[in-house]
Amino acid sequence: MACILGIETSCDETSVAIVSNDGPRYEVHCNLIAAQLDLHEKYGGVVPEIASRAHLEKLDLLVAEALASTGLSRDEIDAIAVTNRPGLIGALLIGVTGARTLAWAWEKPLIGVNHIHAHCTSAAITLDAAPWPAVALVVSGGHTSLFHVRDYLDIALLGATIDDAAGEAFDKIAAILDLGFPGGPAVDRVAKNGNPSTHDFPRALPQRDSLDFSFSGLKTAVLYQVHGPGKTSGGLEKLSESQVADICASFSAAVVDVLVRKTLRAAEQVGVDTIVVGGGVAANSMLRERLTVACEKAGRMLHLTPMKFCTDNAAMIAALALRQFEAGQRDPLSLTASARA
Ligand code: KG4
Ligand code: ZN
């Protein structure tokens, strides 16, 4: 049993969580998240320098609030964990510097955590027993990857996107359709009123043995559907609300189709019965529904990460760090950040 204070600042959410465990089960004492949507909205995407500054303003306050809201004292914390890779380098450096300072001042061990591996294992936060071995689908703004998770600390990459991430594609389609930022939740909402079979958008890399993804062709197909063949502007004003909904639904279906098919294929190739899904796009309603149906049909056990642990949060960082702590992993106070995994 251990109790970890986790810090997450890899992109545009400042988050601090305190998580403890009793064997395989976790207790999330708090999972505080300060989002920065309002700061980035007018730029249509995350501005790295603005994200770093906002992390700097919020981090201390969230650490103090984490202790105050849980009634825990620093003596009850066994280690400080922090996302140190991958992500926006300036944003990561704020979290890593904060964690190094806390570890030094409170005389606690320091543990660096891989953000993508934390998304891989986030489904376990609310389970009574570890679900491994499993195939993990991680779908976020920066990543679309399949992993073979043999155990918390034994994670192997099976396939990844060769161009855009799924979340990035959702964000770009929302920009094309002028639905706002971040695009994923907006496209998800609008797609519910549309017909997913209206447009037969491309499904890339269909080869049977391929576990890689590609979403840039799909993005271009939607672009031409909206603006006209070969055009990159105009035409949006001619679309009715229901036509926009049909495009959102057909686009979502194309993304979800590929994600579902390749995830089941990975489980078959690796020979595991369990599938877990994490990352911001794991909040997508069509993905959750279609994966549930497909896994039932294929006889696979599916664990979807609960919605509140899908988008970036420090609970998943502290939860994975608990396993690293139990395995004796410690990082020096000179721990650095890295933009790449
Ligand atoms: O995991 P996350 O919070 O950050 C990264 O590590 O990238 O994922 C953010 C991504 C964004 O691209 C956002 O548009 C997408 O997740 N997203 C969704 C939904 N909610 C968030 N995409 C589709 N449907 C959703 N409901
Ligand atoms: Zn993430």
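1. Let us start in the loop between H5 and H6, where Asp178 lies. This is a predicted model, and in it Asp178 has a positive phi of about 55° although it is not a glycine. As background, most residues other than glycine have a negative phi. That makes Asp178 a good residue to find on your screen as you get your bearings.

2. Stay in that loop for a moment. Pro182 also lies between helix H5 (166-176) and helix H6 (183-191). A cis peptide bond joins Phe181 to Pro182, with omega at about 0°. Most peptide bonds are trans.

3. Where is the other cis bond to look at? Trp132 and Pro133 are joined by a cis peptide bond, and its omega is about 5°. Pro133 has its place in the loop between H4 and strand E6 (134-139).

4. Now step back to the whole protein. The domain assignment gives domain 1 as 3-126 + 312-326, so please note that two stretches of sequence are listed for it. Domain 2 is given as 134-309. The C-alpha centres of domain 1 and domain 2 lie 27 Å apart.

5. How many residues of each domain are in contact with the other? On the domain 1 side there are 26, and they are in contact with 21 residues of domain 2. The size of an interface is often given as the accessible area lost when the parts come together. Here, domain 1 and domain 2 bury about 1800 Å² between them, with 75% of that on carbon and sulfur atoms.

6. Which elements shape the domain 1 side? Those giving two or more residues to the side that touches domain 2 are strand E3 (25-35), helix H1 (37-40), helix H4 (115-121) and helix H10 (314-326). The residues on this side of domain 1 divide into 13 nonpolar, 11 polar and 2 charged.

7. The polar side of the story is brief. Between domain 1 and domain 2 the count of salt bridges is 0, while 5 residue pairs are in polar contact.

8. Finally, have a look at ligand 1. There are 19 residues around ligand 1, and Gly141, Asp171, Gly184, Asp188 and Asp312 come nearest.

9. Which side chains offer an N or O atom to ligand 1? Asp171 has one 2.7 Å from an oxygen atom of the ligand, and His119 has one 3.2 Å from an oxygen atom of ligand 1. For Asp188, the partner is a nitrogen atom of ligand 1, and the distance is 2.9 Å.

Key. Residues are numbered from 1 along each chain as its sequence is written. Chains are lettered from A and ligands numbered from 1 in the order in which they are written. This is a predicted model: local features need pLDDT of at least 70, side-chain atom pairs count only at pLDDT 80 or more; totals for chains, interfaces and linings use all residues. Side-chain values use heavy atoms; hydrogens and water are left out. Contact means heavy atoms within 4.5 Å. Buried area is the accessible area (1.4 Å probe) that two parts lose on being put together, summed over both. A salt bridge is a side-chain nitrogen of Lys or Arg within 4 Å of a carboxyl oxygen of Asp or Glu. A polar contact is a pair of N or O atoms within 3.5 Å; within protein, one must be able to donate a hydrogen and the other to accept it, and residues adjacent in sequence count only if both atoms are side-chain atoms. Helices (H or I, at least four residues) and strands (E, at least two) are DSSP runs, numbered from the N terminus. Ala, Val, Leu, Ile, Met, Phe, Trp, Tyr, Cys and Pro count as nonpolar, Asp, Glu, Lys and Arg as charged, and the others, Gly among them, as polar. A residue is near a molecule or strand if one of its heavy atoms lies within 4 Å of it.
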